[in-house]
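Visitor: I am new to this structure and would like a close look at a single part of it. Please take one helix and follow what surrounds it.

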Amino acid sequence: MFDLKAAGFADPLLISATDGVGTKLKIAIETGIHGTVGIDLVAMCVNDLIVQGAEPLFFLDYYATGKLSVETARDVVTGIAEGCRQAGCALVGGETAEMPGMYGDGDYDLAGFAVGAVERAKLLDGTQAQAGDVLLGIASSGPHSNGLSLVRRVMETAGLEYGAPCPFESGRTVGEAMLTPTKIYIAACRAALAAGGVRGFAHITGGGLIENPPRAFAPDLTARIDAASWTLPPVFRWLAETGGIEARELARTFNCGIGMLVIAAPASVDTITAALTGAGESVYRVGALEARADDDPSVILENLESWSR
């Protein structure tokens, strides 16, 4: 049970989200590092709540395996609890299912379910964004939980084991680097909302910088994004070079260093940037919204060639 009145809401709308971690779990299983995928699970759900202005309230998890390993499950649930702490929501329950014959030895799968609330008048539904609004990008921590099947294929092509030294980040193995947890943007987005002038958020997940931004604005607008306005992180440069991935495909598969887009009213850019920076985030001015011509795509990515320099 959750008492919305006790939480201070007057006229709330409930927002829900469900997601998983995808094939990133294969890396966790093969490396034996299970403590971070729970954070990923929470992040993938709660970040999809805040984009509509919703405060995450509570979270539930589903853990399925062939035969329960108490040690593995403990590590996973510890990560889930840490993710909930970062998001400021309650972990109210979950389900652990043992299904022999359904999963191989040591395999498991995760699903997460999050519920949030937003006052009706503060809902972000894509109608607030306007031509001329500025796009601010908040840095990601890596691939997050998307595109990991392609990551694994690139590693196979390169003949890299998960325990090998990381070619793009010193002091870590490849497996450790790829298991860097998804960033939870709740605190930063709360700070931006409190600063005023936020007209939308876009969580950059599967579909990358091509398919996710249009969820945050009306079809008569186009997002013009300058790929040269931030530095492509080493992990994505390595993936592109090693896997022979073209820049546009890279932008369609991965977040490419931008885990969350903020649509900001022009007069509020400085105060929102200060709020995000104060919350510990790296922020870039990456583009703007403009009126969409008939033959324009919903996202125009400029200067993609800068990623190969």
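**A close look at α6**

Guide: Directly after α6 comes Gly-196, a residue with a positive phi, near 90°. The model is a predicted one, and this helix is a useful place to begin.

Start with the residues that α6 hides. Ile-186, Ala-188, Cys-189 and Ala-192 are buried in this helix. These four lie on the same side of α6, because they cover an arc of only 165° around the axis. The cover over the buried residues of α6 includes the helices α2 (37-50), α3 (70-87) and α10 (269-278). Strands are also part of that cover, among them β2 (55-65), β6 (198-203) and β8 (258-264).

One of the buried residues is a cysteine. Cys-189 has a relative accessible area of 0%. The structure holds 0 disulfides. Cys-189 is accordingly in no disulfide, and the nearest cysteine sulfur, that of Cys-89, is 14 Å away. Cys-45 can be set beside it: its closest cysteine sulfur is also in Cys-89, at 9.4 Å, which is too far for a bond, because a disulfide needs the two sulfur atoms within 2.5 Å. Cys-45 is buried as well, at a relative accessible area of 0%.

α6 also has a part in the largest pocket. Both α6 (186-195) and β4 (108-119) supply at least two residues each to the lining of this pocket. The lining consists of 15 residues, and those nearest the centre of the pocket are Gly-53, Val-118, Glu-119, Lys-122 and Leu-193. Sorted by class, 9 of the lining residues are nonpolar, 2 are polar and 4 are charged. The space in the pocket comes to about 260 Å³.

Back to the positive phi at the end of the helix. Most residues other than glycine have a negative phi. Gly-196 is a glycine, but two further residues with a positive phi are not. Cys-256 has a phi of about 55° and is not a glycine. Cys-256 sits in the loop between α9 (247-253) and β8, and β8 is one of the elements that cover the buried residues of α6. Cys-256 counts as buried, with a relative accessibility of 0%. Asn-303, also a residue other than glycine, has a positive phi near 60°. Asn-303 lies in the segment after β10 (299-302) and counts as partly exposed, at 33% relative accessibility.

Note on methods:
Residues numbered from 1 in each chain as written. Predicted model: local features only at pLDDT ≥ 70, side-chain atom pairs only at ≥ 80, totals over all residues. Heavy atoms only, no water. Buried < 20%, exposed > 50% of the residue type's maximum accessible area, 1.4 Å probe, protein only. 1 Å grid on protein atoms, 1.4 Å probe; cavity = no way out; pocket = protein on both sides within 12 Å on 5 of 7 lines; lining within 4 Å. Points joined across faces, edges and corners; volume = space filled by probe spheres on them. Nonpolar A, V, L, I, M, F, W, Y, C, P; charged D, E, K, R; others polar. Arc of directions from axis to C-beta. Contact = heavy atoms within 4.5 Å.
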